[in-house]
Amino acid sequence: MDNVEFLKGEIEHIPLPDNSVDVIISNCVINLSADKDRVLREAFRVLKPGGRLAVSDVVTRGDMLPEIRQSILAWVGCIAGALEENDYRSKLAAAGFEHIELEPTRIYRVDDAREFLTGQGIDVDAIASQVDGKFFSAFVRAVKPTGDAPKSCCGPTCCS
Ligand SMILES: C[S@@+](CC[C@H](N)C(=O)[O-])C[C@H]1O[C@@H](n2cnc3c(N)ncnc32)[C@H](O)[C@@H]1O
């Protein structure tokens, strides 16, 4: 292939110039970063206006006890910690993204982690409601705004 280039870098410091990327894809990497605000700001920086973020990531839903959260995230291999879905939306918006969507692709049930949690000495039935349906894989999509006037703008002065 002569239209492919590999660059070594970290998602907290993407070795690309501003406004240079059409689409960012990734699978199960953002949850591994200890500085997700920085990752999302970097993604926003390198995207062209109108560029799209379309990644897959592990996400959590709602509040839960920290020790349960840690056990499950260790089970899914997500050591730094997945974002709670509303925090993910807030951080994307704070980085400047719009048209933010989180679409679950696999929702983890308590039985998925039963063997692992039992092996950790955890009474799984006692914490089932803290686990069931609270961890999921998701498509995370967002767009860097173009800065254009809204499409509903009807004339040269109506948006000013
Ligand atoms: C769970 S694997 C996913 C790999 C691949 N995307 C896949 O779907 O098979 C996570 C990858 O992210 C890389 N990684 C972890 N933290 C990173 C960071 N801060 N910047 C860039 N890559 C990172 C790891 O080295 C590893 O290759």
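Visitor: How many bridges join E1 to E2?

Guide: This is a predicted model, in which local features need pLDDT of at least 70, side-chain atom pairs count only at pLDDT 80 or more, and totals for chains, interfaces and linings use all residues. Residues are numbered from 1 along each chain as its sequence is written. Two strands pair if DSSP finds at least two bridges between them. E1 and E2 run parallel, and the number of bridges joining them is six.

Visitor: Which residue in E2 does Val-23 stand opposite?

Guide: E1 covers residues 21-27 and E2 covers residues 47-60. Look across from Val-23 into E2, and you'll find Arg-52.

Visitor: What order do the elements run in, from the N terminus on?

Guide: Helices (H or I, at least four residues) and strands (E, at least two) are DSSP runs, numbered from the N terminus. Here you get five helices and five strands. Walking along the chain from the N terminus, the order is β-α-β-α-β-α-β-α-α-β.

Visitor: What is the radius of gyration of the protein?

Guide: This value is taken over C-alpha atoms, and the globule rule to hold it against is 2.2 Å times the number of residues to the power 0.38. For 160 residues the rule gives 15 Å, and the protein is well over that, so it is more spread out than a compact globule, with a radius of gyration of 19 Å.

Visitor: And how big a box do the C-alpha atoms fill?

Guide: Picture a box lined up with the principal axes of the protein. The C-alpha atoms fill roughly 65 × 45 × 25 Å.

Visitor: How many of the seven residues in E1 are buried?

Guide: A residue is buried if 20 or more other C-beta atoms lie within 10 Å of its own, exposed if 12 or fewer, and partly exposed in between, with C-beta atoms placed from the backbone. Across the whole protein, 20% of the 160 residues count as buried. E1 is hardly covered, and its count of buried residues is zero.

Visitor: Is Phe-135 buried or exposed?

Guide: Phe-135 sits in strand E5. Residues are in contact if their C-beta atoms, placed from the backbone, lie within 7 Å, and Phe-135 touches Val-58, Thr-60, Ile-72, Val-76 and Tyr-108, not counting residues up to four places away in sequence. Because 25 other C-beta atoms lie within 10 Å, Phe-135 is buried.

Visitor: Which strand pairs with E5 over nine bridges?

Guide: E5 spans residues 135-143. Eight bridges join E5 to E4 (residues 98-108), and those two run antiparallel; there, Glu-98 has Val-143 as its bridge partner. Leu-53 has its bridge partner in E5 too, namely Ala-142. The antiparallel pairing over nine bridges is with E2.

Visitor: How many residues are in the largest nonpolar core?

Guide: A nonpolar core is a set of buried Ala, Val, Leu, Ile, Met, Phe, Trp, Tyr and Cys residues joined through C-beta atoms within 7 Å. In soluble globular proteins, nonpolar side chains tend to be buried together. In the largest core here, Leu-40, Ala-43, Phe-44, Val-59, Leu-92 and Phe-97 touch the most other members, out of a total of 24.

Visitor: Which elements each supply at least two residues of this core?

Guide: Leu-92, one of the core residues, is in contact with Leu-40, Phe-97, Ile-100 and Ala-142, leaving aside neighbours within four places in sequence. The elements supplying at least two core residues each are H1 (36-46), E2, H3 (85-95) and E5.

Visitor: How many of the residues in the shell around the ligand are charged?

Guide: A residue counts as near the ligand if its C-beta atom, placed from the backbone, lies within 6 Å of it, and Glu-10, Ile-11, Glu-12, Asn-27, Cys-28, Val-29, Leu-32 and Ser-33 surround it. Ala, Val, Leu, Ile, Met, Phe, Trp, Tyr, Cys and Pro count as nonpolar, Asp, Glu, Lys and Arg as charged, and the others, Gly among them, as polar. The shell has four nonpolar and two polar residues, and the number of charged ones is two.

Visitor: What is the phi of Cys-28?

Guide: Cys-28 lies in the loop between E1 and H1. With 15 other C-beta atoms within 10 Å, Cys-28 is partly exposed. Although Cys-28 is not a glycine, its phi is positive, at about 60°.

Notes
Contact = placed C-beta atoms within 7 Å.
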